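User: I'm new to reading protein models. Could you walk me through how the labels get decided?
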Amino acid sequence: MHKQFDHLMYSAGLTAQGCWDQMDEYDRNAILKFAQLIVAECIDTVSDCSVEYCTRPQIVSEIREHFGVEE
């Protein structure tokens, strides 16, 4: 597993007190797949923006809007 996923799962409380270890393989794989799908969605969102007209704040705004995440 990628160390950034480890960090994010820790931040979400998934590794607290053995939670991750108590899950079966299906649950662990589902969570990892979910994270990978979120990353893929972010990449797709950014890929739709060409460098000529998208600024960093616009890209951040696009991703926030796509996932319904408020600042």
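Analyst: Sure, let's start with burial. Buried means under 20% relative accessible area, exposed means over 50%, and partly exposed is in between (1.4 Å probe, protein chains only). Buried residues make up 11% of the 71 residues here.

This is a predicted model, where local features need pLDDT of at least 70, side-chain atom pairs count only at pLDDT 80 or more, and totals for chains, interfaces and linings use all residues. Residues are numbered from 1 along each chain as its sequence is written, and side-chain values use heavy atoms, leaving out hydrogens and water.

User: Why is glutamate 65 called exposed?

Analyst: Its relative accessible area is 66%, and exposed means over 50%, so the label fits.

User: What makes isoleucine 38 partly exposed?

Analyst: Isoleucine 38 has 31% relative accessibility, which falls between the 20% and 50% cut-offs, so it counts as partly exposed.

User: How many helices and strands does the protein have?

Analyst: It has four helices and zero strands. Those are DSSP runs numbered from the N terminus: H or I with at least four residues for helices, E with at least two for strands. Isoleucine 38 lies in α3, while glutamate 65 is in α4.

User: How do you know that the span of α4 is close to the expected one?

Analyst: The expected span is 1.5 Å times one less than the number of residues. With twelve residues, α4 is expected to span 16 Å, and it reaches 17 Å from its first C-alpha to its last, so the two are close. Just after α4, glycine 68 takes a positive phi of about 70°.
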